[in-house]
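Please find below a short briefing on the empty spaces and the surface of one protein model, arranged by topic.

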Amino acid sequence: MLTSVLRGLAAASLTVLPLTIPAPAHAAETLPLAEAITRLPVDTESRDGYDRDAFRHWNTGTNPSDGCNTRAEVLLSEAVEPPTVGPGCRLSGGRWWSYYDQLWVTSASGLDIDHMVPLAESWDSGASAWTAQRREAYANDQGAEASLVAVTARSNRSKSDQDPAQWMPPAAGVHCRYVAEWVATKLRWSLTADETEVAALRETAAGCPDQSVTYEPVA
């Protein structure tokens, strides 16, 4: 009788354990750019049904109690000289470096927060099948420095929703970094790439032998 009871308790404990132990975190991985590109799943892209409003942004950010949305939090995080934060998270002063075009910016209003992989491109590459909650998490991702980048409004709007086969930063010296961050973002979110995109990534990577890619997959 006692043996049966003990066996029953053991079975019950095994049933409960998966509910109480958190899922293991995905470890960050660093690898050469050329190798990272080979890990991108290659597939055709489709923009059918795309709506920018399917990606809720900007939300209340990583700290909902600070009164700053994701855009403001990214600006505060990337400021080289911190701005003054006023009521309603109004930012004044400060200084930022827009790495796409190698320009200093001294007004938050002159900056856009660029999604490294644009929302439309992410839709084409797999986000169309995501839940609304996952799309919101993607659009406001501050878990990786490369996901959201403060750059001049001009460079961001020039980029629009284009991938590296169609657009690269005007500053040629940052192309290795840009492609590495593009690949890291796609790997982080398990997004696909089309053949033309992969060819452009490989072409750039050929001139970046020392460039590495670090990414941490999102569950």
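**Pockets, cavity and surface patch**

Among the elements that line the second largest pocket, β6 gives the most, with three residues. The model is a predicted one, and the points below take up the second largest pocket, then the largest pocket, the enclosed cavity and a nonpolar patch on the surface.

**Second largest pocket**

- The second largest pocket holds about 250 Å³ of space, and its lining is made up of 14 residues, of which R52, H115, P118, N156 and S160 lie nearest its centre.
- At least two residues of this lining come from each of β6 (111-115) and α4 (119-124), with the β6 contribution standing at three residues.
- Sorted by class, the lining of the second largest pocket contains six nonpolar, four polar and four charged residues.

**Largest pocket**

- The largest pocket has a volume of about 520 Å³, and 25 residues line it, of which E78, A144, E145, A146 and L148 are nearest its centre.
- Four elements, namely α3, β7 (148-152), α7 (175-188) and β8 (212-215), each supply at least two residues of the lining of the largest pocket, and the largest share, five residues, comes from α7.
- The lining of the largest pocket divides by class into twelve nonpolar, six polar and seven charged residues.

**Enclosed cavity**

- Rolling a probe the size of a water molecule over the atoms shows where empty space is left.
- When the whole structure is searched, one cavity of 30 Å³ or more is found, and the volume of the largest cavity is about 30 Å³.
- The residues that line the largest cavity are H115, M116, V117, Y138, D141, S147, T185 and W189, and by class they comprise four nonpolar, three polar and one charged.
- H115 belongs to the lining of the largest cavity, and H115 is also one of the residues that lie nearest the centre of the second largest pocket.

**Nonpolar surface patch**

- V80, W97 and W104 together form a nonpolar patch on the surface, and their combined accessible area is about 300 Å².
- Within this patch, V80 is found in the loop that runs between α3 (70-78) and β2 (84-85).
- V80 can count towards a patch because its relative accessible area is 47%, whereas patch residues need over 30%; at that value V80 is classed as partly exposed.
- α3, which precedes the loop that holds V80, also supplies at least two residues of the lining of the largest pocket.

Key. Residues numbered from 1 in each chain as written. Predicted model: local features only at pLDDT ≥ 70, side-chain atom pairs only at ≥ 80, totals over all residues. Heavy atoms only, no water. Patch = residues over 30% accessible without salt bridge, like charges linked within 9 Å, V, L, I, M, F, W, Y side chains within 5 Å. Areas by Shrake-Rupley, 256 points an atom, 1.4 Å probe, with all protein chains shown as cover. Salt bridge = Lys/Arg side-chain N within 4 Å of Asp/Glu carboxyl O. Buried < 20%, exposed > 50% of the residue type's maximum accessible area, 1.4 Å probe, protein only. 1 Å grid on protein atoms, 1.4 Å probe; cavity = no way out; pocket = protein on both sides within 12 Å on 5 of 7 lines; lining within 4 Å. Points joined across faces, edges and corners; volume = space filled by probe spheres on them. Nonpolar A, V, L, I, M, F, W, Y, C, P; charged D, E, K, R; others polar.
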